[in-house]
Structures are given as structure tokens and as C-alpha cells.
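Here's a quick walk through one chain, going from the overall layout down to a handful of residues. Have the viewer open as you read.

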Amino acid sequence: FRTLAIMFLWLISWVALAGQFAFAVFSLAAGLYCLAELIEEYTVLARRIIFYLVVLVVLLYVGLLVIDGFPLLLVVVGILVHLLYGSLLTTFPLISPCSPGFLGGSALLLVAHYLAFQHFSIEYHPFQEVLAFFFLCLWLVPFSIFISLSANDSVLPTIADDDGTKRRPRRSGFLAIFDFLARKIDRVTPSRSSKYL
């Protein structure tokens, strides 16, 4: 009987873990959607913030080279990647995924990941330090640029159709994924409006 109770508790813990994972994913998705909306609404401020993030990361790389003795190649590639990201800000929010700066930054980001994995596999650092390096030096700016791909100054809030009715324009990039998911969920779930109102 004791073994059955332990197995039941073990099963409940896995169900709870699945629920926690689903809650975390939905919370992350909601937060990303809000960030994408803010970037779309305040593109000038978003450009300035991303610029300061690029400067901060370049200074972090210099500090890692001078203070912690990180490999020169890793630091140089990391700084080049962020200089390419900075070049994308000249046309912000109109960032073309096919532009040389975007493609070069993406390719060098893969090289920077390889060099970082190589460095951290040779030299021991605590997990928190490795995670901080990856988050701040490798993921923060590209993730900000990825979210901002949906921002576009030339799109007005509404567009008139041929028959004079207004509709919301199609979104591109990150917000299009959420709009697609919202339409699919609206088809499956009951309507939010009550028939008794």
C-alpha cells in the first residue's frame, strides 16, 4: 500500500510539473506579445533602447577581455556581431531579414555560440556565470531585434477595403504568430460575447 501511495504522489508531481510548464509558456507568450506591441507603438524609444543595449554588450565584452581574460577571438566575434546589429538600427524599424547586416549577424552569432561553448567546456565557470554570459552577451540584442521585426512605421492602424469597410492590416513577424494562434483559439473556444446582453 505504501508503494502505491508513493507512485500516486509521483504521478501527481508529474501532472503538476506539466501544468507549471504550460503556465510558464503561456506567461512567456503573453509577455512577448506585450513587448512586441510596445515596440510597435514606440519604435523611436525601442531603437534607442536597442542601441544602448548594443553599447552595453560591447562594453561587457571589453570588460570580459580585460578583467576575466576571455579569449580574444570570442570577444572580437562578439563585438563584430553587435556592430552588425548596430548597423541594422539605421533603417529601424524596417529591418529586412535578407539584408547583409542581418544575415552576417546571424552567421556570426552561430560562430559566437560555438566559441562560447568551446571556451566554457575548457574553462570551468559556475552555471550562473555561463547563463549570464549567454543571456547578456549572446541573446539579449538578437532577441530584441527579433521581437522588433513586427514593428513597421508605414503600416497604419486600419486600412480601407474596396467596399469602404475598415479592417486591421496583416501583421508580419512575431505578432503574426500570435494573431494566427488567437484566430485558431477563437474558433475552438466559445465566443466571449453573451447572447443575453
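## The chain as a whole

Let's start with contact order: among contacts with a separation of 6 or more in the protein chain, 68% are between residues 24 or more positions apart. Keep in mind that this is a predicted model. The protein chain has six helices and two strands, and from the N terminus on they run α-α-α-α-α-β-β-α.

Buried residues make up 29% of the chain's 197 residues. The accessible surface comes to about 13900 Å², with 73% of that belonging to carbon and sulfur atoms.

## The largest nonpolar core

Which residues touch the most other members of the largest nonpolar core? They are Y61, Y85, F133, L138 and I145, out of 38 residues in that core. Five helices each supply at least two residues of this core: α1, α2 (43–66), α3 (72–88), α4 (100–122) and α5 (127–147). The largest share comes from α5, with nine residues. As general background, nonpolar side chains tend to be buried together in soluble globular proteins.

I145 is a handy one to click on. Setting aside residues up to four places away in sequence, I145 touches I50, Y85, L88, I95 and F102. One of those partners, Y85, is also among the core members that touch the most others.

## Helix α3 and its cover

α3 has 17 residues and reaches 25 Å from its first C-alpha to its last, close to the 24 Å expected at 1.5 Å a residue. Its buried residues are L74, V75, V77, G78, I79, V81, H82, Y85 and L88. What covers them includes α2, α4 and α5.

G78 sits in α3, and why does G78 count as buried? Its relative accessible area is 1%, and the cut-off for buried is under 20%. Across to α4, the C-alpha atoms of G78 and G105 are separated by 9.7 Å, with the two residues 27 apart along the chain. G105 is itself one of the buried residues of α4.

## A link from α2

V58 gives you a look at the α2 side, since its place is in helix α2. V58 counts as buried because its relative accessibility is 18%, and the limit is under 20%.

What does V58 contact once its neighbours within four places in sequence are left aside? The answer is I79 and H82, both of which are on the list of buried α3 residues. V58 and I79 are 21 residues apart along the chain, yet their C-alpha atoms are separated by 5.6 Å.

## Helix α4, inside and out

α4 also matches its expected length: its 23 residues should span 33 Å at 1.5 Å a residue, and its end C-alpha atoms are 33 Å apart. Buried here are G101, F102, G105, L109, A112, H113, L115, A116, H119 and F120. These buried residues pack against α3 and α5. When you look at the spacing in that list, remember that an α-helix has 3.6 residues a turn, so residues three or four places apart point the same way.

Two α4 residues make a nice pair to inspect. H119, in α4, is buried, with a relative accessible area of 7%. Apart from neighbours within four places in sequence, H119 is in contact with F70, P71, L74 and H125; L74 is one of the buried residues of α3. L103, also placed in α4, counts as partly exposed because its relative accessibility is 48%. Not counting residues up to four places away in sequence, L103 touches P97 and C98. The C-alpha atoms of L103 and L84 are separated by 9.4 Å, and the two residues are 19 apart along the chain.

## A nonpolar patch on the surface

Now over to the surface. A nonpolar patch of about 970 Å² is made by M7, F8, L9, W10, L11, I12, W14, V15 and L17.

Is L17, one of the patch residues, buried or partly exposed? L17 counts as partly exposed, at 43% relative accessibility. Its place is in helix α1, which covers residues 2–41. α1 also supplies at least two residues of the largest nonpolar core.

Terms used
Residues numbered from 1 in each chain as written. Predicted model: local features only at pLDDT ≥ 70, side-chain atom pairs only at ≥ 80, totals over all residues. Heavy atoms only, no water. Patch = residues over 30% accessible without salt bridge, like charges linked within 9 Å, V, L, I, M, F, W, Y side chains within 5 Å. Areas by Shrake-Rupley, 256 points an atom, 1.4 Å probe, with all protein chains shown as cover. Salt bridge = Lys/Arg side-chain N within 4 Å of Asp/Glu carboxyl O. Helix = DSSP H or I, 4+ residues; strand = E, 2+ residues; numbered from the N terminus. Buried < 20%, exposed > 50% of the residue type's maximum accessible area, 1.4 Å probe, protein only. Core = buried A, V, L, I, M, F, W, Y, C linked by side-chain atoms within 4.5 Å. Contact = heavy atoms within 4.5 Å. Expected span 1.5 Å × (residues − 1).
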